[in-house]
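Work through these short exercises with the structure open beside you. Try each task before you read its solution.

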Amino acid sequence: MTGSDPTLEQTAAKHLAFGWWLVVASIALGTALEALHALKLGVYLDVANETRRLLWTLAHAHGALLGLVHVAFATSLPKLAALSPGGRTLASRALGAGSLLLPAGFFLGGVFVYEGDPGLGVLLAPVGAALVLVAVVVIALGARRRGRA
Amino acid sequence: MGQISPLLALQIGLVAAGVAVGAWVLGARLRGKRRVMLGLVLAVVGIAAGFAHLARQAGRAASIEALEQEIPGRARRAVQVDPKQAAWIGRATPDVSGPDPLAGYVSSDRCRSCHPGNYDSWHRSYHRTMTQRATPAAVLGTFTGQTLEAKGRSYRLERRGDEYWVEMADPDWEAELMARGVRPDSVPDERAPRRWKRVVMTTGSHHMQTYWVASARDGRLFNFPWLWLVEDQRWIPREDGFIRPPDGARTFDVWHDSCIECHAVGGEKEQDPRTGWNPRAAELGIACEGCHGPAEEHVRVNQDPARRYRMRLADEPDPTIVNPARLDARDSSQVCGYCHGINMWKPAPLASGVRFHPGDDLRETRVVMRASAKAAKSTDSLERHDWPVLMKQLEQAMVDNPTLLEERFWPDGMVRVSGREHNGMIESACFEGGKLSCLSCHSMHASADPDDQLARDRQQDRACLQCHPTFDQDLEAHTHHARESVGSRCQNCHMPHTVYGLLKSIRSHWIDSPSAAKTRETGRANACNLCHLDKSLGWSADRLTAWYDQPRPELARDEEEIAEGIRWSLSGDAQQRAMMAWHMGQPDPKRASGDAWMGYFLGHLLDDPYPAVRYQAGHALARLSAEKPLAYDFLDAPAERARMRRETMAYWRAAAEDPRGRVADRRARLLGADGRLAEAEIERLAKARDDRTMDLRE
């Protein structure tokens, strides 16, 4: 880290905490899903509920992965030399919102299902995905070489 | 602790070996070359195992592909045509100019992604497994190198890997004999050319299963004429699984003759003069599109997610697909009735290629056969229009087969054979009221049990109480039986087991009330006497008169006095005897009537001329006593059967007699004043047996 930037440090700390808590929540969800498997509950395992199973699995996987993305963002933030303060704010907010909306969309989409189609909650998922995409594009651009910053 | 299976031991061994190797590689601090060598060895072993697996898979795929060539598929059969013959006919290729009737079908695989629950419930049904490719997952019978023999023909059965083979008289040669009017079994087996034929397809999976082999000349499938009985786990000659004339010929069935219409989706019996028969089907078994109609358009428009959500949230019928649950009672029932009914094609639509699809009025393309008195008085315009057509067709058909109606209906027009529930139901007052449909009681996707597919929320009386709730308030006043007893269950009195098929008695779907007068008129036992087998028809008539003000019919002396279970089993026709024997094996009639006395009369049936009657008697006797195991086979030689009959009757005689005077109505049980069996009476009734030839068309 070159010099101290309180805003940058605050952002990094926020994402580090958020990321780990998202991993905690996702692993808790994963554990619950394993319990549903162990107890052979039809509400999750029946073929009629395979859409729910897929969506909740996606919620668990995306949550865990995005939590780690937050951790990676937090630790790499000081090295993102080309990332302007405005870009940092945009990336931070988009990543934060996207990381909530994407797994939440999958989860809610699985709560109420229409046979092979998810419930309307799944509409949050594409919004979340778009926000995550924006965030990672901004972060990737910020990761360019210093000299070009 | 249970035994560990070899497969489980192998898996445990493999996992343990994998862990050991991993640990050794990590911990051994091998030098570079050794580590590389070990890696190479493991890689080579892995690759060799992979190749072995692939080779096995490829062999299986080739076997399945060969099988697919033999069974009806969607495509027209490509056959090399003799150029001379083609020139003579004037066409070089089959005429495919018309629209392909199978074009709109997509198969159940496409339905699964949007309707996984319904796909799953269908997948667990016996509808799906009605017709299957003969793979190890489908074949229930044993093919262990054994030889089956019946009616002068022998069949050798063998399993080769995942394939099932039969050595038998060449079915193409037999078909040629049939075409020339020669009964194949009139030619001795030694003179028949024999062939090894691969079993390519199966029919049935619930009660019995039969098998099909392919013609070497065209697309016909010939029946391997044996049945595998699922419950009994044994083979029997096909004709012995039905009530057929005992001295009749061996059956010779071709799949596309009739099976194709109902045991496959969109079955088409195509025939080209040069390529022969080419039966085709959109899908084997009764699959999604069998009840919902061709789904190509439905699949296409619903690739649009916005439309899907609009339809789902609106809860309105999708016009691109038929949902029988949303049709009115008549149309919904006709979806089932197309197959679960006796119908005849109307000549005009058949000639123009118009086929029935779910949602159509079945009567546009078919005449629903009815034999009841009220059918002739129908006020429905279509039925009135069709009545002369039906009469004409029947008249023509009965020239060849005078017992055509008798083979299917009781004298009052009630269906007597299984699988024809629609014809029964449409005669019911409940159906005429416009409310009753098959789905009033059954559900294809929400049933408690694939057997019968009764809707989960309409079990027992609940199906009837939907429309008749008042009976529940004072049930015992109506039924005159204890509330929880089987005598108080609606269907036991209004839908008794008076239909026969699949080697059992089945509930009638003409919902009516027990009547002694009808029993007298039709020879069909009523619900009272099917449970109270030890009571006479007069006994039932007294109660029906006292309880329901039914006019008491004038009865013959035997009807007044002798238990119906005994009278029908001694004097009835083949169906009546089989039905009595079946009922004697059921827990409810045994509880209501006591069962020890039945052994003697069941023994009497062990040498019946009809195999189906002997089968029922043997099964009922086997359940009668654990102390007296029955070493009896209903297919035994006549002399052995006669011996078993004598022995069994002698064994059960004491149980049938009543020297201590405990039986209230001795006359009903054919007991003399001394409590001994009245031999002369038994002899008289046995001599009066109705021996007319029965040939029930299940």
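**Exercise 1.** Find how helix α1 (residues 6-38) and helix α4 (residues 85-111) of chain A pack.

Solution.
- Helices here are DSSP runs (H or I, at least four residues), numbered from the N terminus.
- The axes of α1(A) and α4(A) are 11 Å apart, at an angle of about 10°. Axes are lines fitted to C-alpha atoms over the stretch in contact, and angles run from 0 to 180 degrees between N-to-C directions.
- So α1(A) is roughly parallel to α4(A), a label for angles under 35 degrees.

This is a predicted model, where local features need pLDDT of at least 70, and side-chain atom pairs count only at pLDDT 80 or more, while totals for chains, interfaces and linings use all residues. Residues are numbered from 1 along each chain as its sequence is written, chains are lettered from A and ligands numbered from 1 in the order in which they are written, and side-chain values use heavy atoms, with hydrogens and water left out.

**Exercise 2.** Place Asn49(A) and decide: buried or exposed?

Solution.
- Asn49(A) sits in the loop between α2 (42-45) and α3 (50-76) of chain A.
- Its relative accessibility is 15%, so Asn49(A) counts as buried (under 20%; exposed is over 50%, partly exposed in between; 1.4 Å probe, protein chains only).

**Exercise 3.** Do the same for Asp691(B).

Solution.
- Asp691(B) lies in the segment after α31 (679-687) of chain B.
- At 46% relative accessibility, Asp691(B) is partly exposed.
- The C-alpha atoms of Asp691(B) and His478(B) are 39 Å apart, with their positions 213 residues apart in sequence.

Technical notes:
Helix = DSSP H or I, 4+ residues; strand = E, 2+ residues; numbered from the N terminus. Parallel < 35°, antiparallel > 145°, perpendicular 65-115°, else oblique.
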